[in-house]
Amino acid sequence: MKISLVCPTNYYGESATRGIYYPMGVLSVGSLIKDSFPSYDVSVIDGELYSKEELIDKIKDADVLGLSANTNNYPLCLELAETAKEQGSKVVIGGPHATALPTQILRNRDYVDAVIVNDGEESFLEYLIGGDLSRIPNLVWRDNGEIKHNLVNPPTKPVRLVDMDFSLIPLESYWEEHKKEFPDMDERYVEGFTHVGCNWREKSGGCKFCDIPYPFNNYQAPGRFWRDLQELRRERGVTSFKDYGDCLTGNPERVRALLEARSSSLDDVDFSCYGRSIEITEEMADLLRDLNVRYVYIGFDSGSTKMLKLMRQGYAVKHNHAAAERLERRGINITGSLILGAEEENEETIEETERFAREIIQHPNVTQLHCAVLNVFPGSFYGHQMAEEFPQLKEDDVWDVMETQRLWAD
């Protein structure tokens, strides 16, 4: 059986991270398939690296095409799906966009056979095996034209590093590009999770623009995490780790336990992680330093405390400044981001954000600062708000980001 797994690039524009990060979602799916059925021909394809024509050629003759869909790349997912179906492939779509709109996808796209919501590794494998589809968790499918929703298991388990089959991707080429973008980390990195979920989202429902489906903040057993990393160090010389858990800084006790479980042979492993500014206290900054964190990704989001409150961020501008200062004193770099266009944005709040941006980049450790107009994703609080305001969105499976930005602005 030939299985092609693709995470396409964004439909509009070019990705700022092209060739830097490998597609961990489809890699984890492909790794489980390859481990379960070594004879299967499994291809894990990073859609950011190829043109649409090249992708169409790569999925030729696939028995099953699996697509990882976010709202930005979903239109390209559909083009690949329709082409694959014309060639006789079965087509399965997963990812955050599919998790938010499974019914709309199956109702509107007859060339999509099934949708998997939330974590999809085991569900996709069971789909390949066949049998009674009604028993596969997280599967949405058609039964004689009727759309069926199976039991949904919320995503709660971090994927283990040792479950990844890195022979399915050109890992070394990602290392080369990663070093150019993040020179203070060793290039021999792997992506993974020390935890899943966000402490703030578990407490409050999270930021209003967030569509990440993990409802709980769960950590891996620290000893097991370090043993997995040690194994990758022996096998592939890995010396850097990029933590894709939503927000490492939300639970100081678990960060301390992670640090205490590290063996001395792994003291030199570089880290990067996500953090929330209000959670980066003096104590947390010390823990990040001792964990050998080189970069923290922080959503500063706005220079207006009013806007931060409206977006339900749970912090203020003063916390952003304090976090930058604390991390600077410890030599930890920051990749920051800003969002324009949330509810009640106006000229005054945009001026506040511009002023904040000019101030925050005076810190030498703020090595990157990105800014974007708000994208409204269907699985977010804002997405539900949009669907109530514009009822046609409840029927649509394509939320064109340019069109929804205009609708949101209106």
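**Close-up 1. Glu343 and Lys208 form a salt bridge between two buried residues.**
Glu343 is buried, and Lys208 is buried too. This is a predicted model, and here the two side chains meet with N and O 3.0 Å apart. Glu343 sits in the loop between β14 (333–340) and α14 (347–360). Lys208 sits in the loop between α8 and β10. The two residues are 135 residues apart in sequence, so their salt bridge ties together separate parts of the chain.

**Close-up 2. Asp246 and Arg201 meet in a salt bridge.**
The N to O distance is 2.3 Å. Asp246 belongs to the loop between β11 (240–243) and α10. Arg201 belongs to helix α8, residues 199–204. The pair is 45 residues apart and links distant parts of the chain. Are these residues buried or exposed? Asp246 has a relative accessible area of 17%, so it counts as buried, the cut-off being under 20%. Arg201 is buried as well, with a value of 11%.

**Close-up 3. Arg294 and Asp270 join two strands.**
Their closest N and O atoms are 3.2 Å apart, in a salt bridge. Arg294 lies in strand β13, residues 293–301. Asp270 lies in strand β12, residues 270–275. Along the chain, 24 residues separate them. The two partners differ in exposure: Arg294 is partly exposed at 31% relative accessible area, whereas Asp270 is buried at 7%.

**Close-up 4. Seven residues are linked in a network of salt bridges.**
The acidic members are Glu282, Asp286 and Asp290. The arginines are Arg289, Arg326, Arg329 and Arg330. How many salt bridges does the structure hold? The count is 25.

**Close-up 5. The largest cavity has a volume of about 40 Å³.**
There is one cavity of 30 Å³ or more. Which residues line the largest cavity? They are Thr194, Tyr219, Gln220, Ala221, Pro222, Phe225, Arg254 and Leu258. Helices α9 (222–236) and α10 (252–261) each supply at least two residues of this lining. By class, the lining has five nonpolar residues, two polar and one charged.

**Close-up 6. The second largest pocket has a volume of about 720 Å³.**
Its lining is made of 28 residues. Closest to the pocket centre are Glu121, Glu122, Lys157, Pro158 and Val159. Elements that each supply at least two lining residues include α1 (24–36), α6 (121–129) and β10 (218–219). Which element gives the most? Helix α1 does, with five residues. The lining of this pocket is mixed: nine nonpolar, nine polar and ten charged residues.

**Close-up 7. Tyr11, Tyr12 and Met402 make a nonpolar surface patch.**
The patch covers about 270 Å². Where is Tyr11? Tyr11 lies in the loop between β1 (2–8) and α1. Tyr11 has a relative accessible area of 39%, so it counts as partly exposed. A patch residue must have over 30% relative accessible area, so Tyr11 passes this cut-off.

Technical notes: Residues are numbered from 1 along each chain as its sequence is written. This is a predicted model: local features need pLDDT of at least 70, side-chain atom pairs count only at pLDDT 80 or more; totals for chains, interfaces and linings use all residues. Side-chain values use heavy atoms; hydrogens and water are left out. On a 1 Å grid over the protein atoms alone, a cavity is a set of points where a 1.4 Å probe fits but cannot get out, and a pocket is an open set with protein on both sides within 12 Å along at least five of seven lines; lining residues have an atom within 4 Å of a point. Grid points are joined across faces, edges and corners, and a volume is the space filled by probe spheres set on the points. Helices (H or I, at least four residues) and strands (E, at least two) are DSSP runs, numbered from the N terminus. Ala, Val, Leu, Ile, Met, Phe, Trp, Tyr, Cys and Pro count as nonpolar, Asp, Glu, Lys and Arg as charged, and the others, Gly among them, as polar. Patches are made of residues with over 30% relative accessible area and no salt bridge: like charges are joined within 9 Å, nonpolar side chains (Val, Leu, Ile, Met, Phe, Trp, Tyr) within 5 Å. Accessible areas come from the Shrake-Rupley method with a 1.4 Å probe; for residues, only the protein chains shown count as cover. A salt bridge is a side-chain nitrogen of Lys or Arg within 4 Å of a carboxyl oxygen of Asp or Glu. Buried means under 20% relative accessible area, exposed over 50%, partly exposed in between (1.4 Å probe, protein chains only).
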